[in-house]
Amino acid sequence: MSRSGLEKDTQDDKKHHGGPERAVCLYSLERIRSLQTEGHPIDVGTAGENITVEGIDWDLLVPGVTIRIGDQVLLEVASFTNPCKTIRASFIAGEFIRIAQKLHPGWSRVYARVLREGQIRFGDPVGVTPASD
């Protein structure tokens with residue numbers, strides 16, 4: 001992973017995706033599973049996230065929080081993501097606003113900037129450090 005995001009990752013819409021403040025999009029496996037129990041056809045990666053994490057308190061992921069992945073990578077949550085129509089197939093009746101932060105706080109994906117580059121692998125441990133005031 002570099003400051004511009006995951007290797008070989010591309011975005012069709014450079015105006016709204018990518019760049020140093022939106023280098024990585026993360027989402028919670030637990031949130032995905034909860035959405036599935038609501039009947040949404042969402043699955044890992046179908047909402048446009050680059051990295052799906054498990055076992056962390058998703059409610060703690062707010063701008064300014066740092067996320068460690070494995071031994072090398074350090075990210076900082078930059079913002080909540082705004083869902084768009086490109087992910088509508090992941091939701092009942094195309095209602096992608098189900099994961100809009102303003103309407104459903106705590107259900108949004110997050111964008112992160114890369115503070116420390118490195119390699120990540122499936123199964124790497126993930127840790128969260130609250131934002132410093």
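**Close-up 1. β4 and β5, side by side in the sheet.** Six bridges hold β4 and β5 together, and the two strands run antiparallel. Keep in mind that this is a predicted model. One bridge pair to pick out is glutamate 76 with its partner in β5, arginine 113. Their side chains also meet, in a salt bridge with N to O at 2.7 Å. Arginine 113 sits in strand β5 and glutamate 76 in strand β4, so this pair links distant parts of the chain, 37 residues apart.

**Close-up 2. The open sheet and the helix packed on it.** Here are six strands in the order β2-β1-β5-β4-β3-β6, with mixed pairing. At the edges are β2 and β6 (126-129), each of which pairs on one side only. From one strand to the next, the twist averages 35°. Helix α1 packs on this sheet and touches β1 and β2, its direction making about 55° with that of β1.

**Close-up 3. The largest nonpolar core, with Tyr27 in view.** This core counts 27 residues, and Leu26, Tyr27, Trp58 and Leu75 have the most contacts inside it. The elements giving it two or more residues are β1 (24-28), α1 (29-37), β2 (51-53), β3 (66-69), β4 (73-80) and β5 (110-116). As a rule, nonpolar side chains in soluble globular proteins tend to be buried together. Zoom in on tyrosine 27: beyond its neighbours within four places in sequence, its contacts include Ile32, Leu35, Ile51, Val53, Trp58 and Trp107. Glu49, Thr52, Ser108 and Arg109 are also among the residues tyrosine 27 touches.

**Close-up 4. Arginine 31 and its salt bridge to aspartate 59.** Arginine 31 lies in helix α1. Is this residue, arginine 31, buried or exposed? Arginine 31 is buried: its relative accessible area is 15%, and the cut-off for buried is under 20%. Leaving aside neighbours within four places in sequence, arginine 31 is in contact with Trp58, Asp59, Gly106 and Trp107. With aspartate 59 it forms a salt bridge, the closest N and O atoms being 2.7 Å apart. Aspartate 59 belongs to the loop between β2 and β3, so the pair ties helix α1 to a part of the chain 28 residues apart in sequence.

**Close-up 5. Two loops joined by glutamate 38 and arginine 98.** This is another of the structure's four salt bridges, with the closest N and O atoms of glutamate 38 and arginine 98 being 2.8 Å apart. Glutamate 38 is in the loop between α1 and β2, while arginine 98 is in the loop between β4 and β5, 60 residues apart. Glutamate 38 is partly exposed, at 38% relative accessible area, whereas arginine 98 is buried, at 15%.

Key:
Residues are numbered from 1 along each chain as its sequence is written. This is a predicted model: local features need pLDDT of at least 70, side-chain atom pairs count only at pLDDT 80 or more; totals for chains, interfaces and linings use all residues. Side-chain values use heavy atoms; hydrogens and water are left out. A nonpolar core is a set of buried Ala, Val, Leu, Ile, Met, Phe, Trp, Tyr and Cys residues joined through side-chain atoms within 4.5 Å. Buried means under 20% relative accessible area, exposed over 50%, partly exposed in between (1.4 Å probe, protein chains only). Helices (H or I, at least four residues) and strands (E, at least two) are DSSP runs, numbered from the N terminus. Contact means heavy atoms within 4.5 Å. Two strands pair if DSSP finds at least two bridges between them. Axes are lines fitted to C-alpha atoms, for helices over the stretch in contact, and angles run from 0 to 180 degrees between N-to-C directions.
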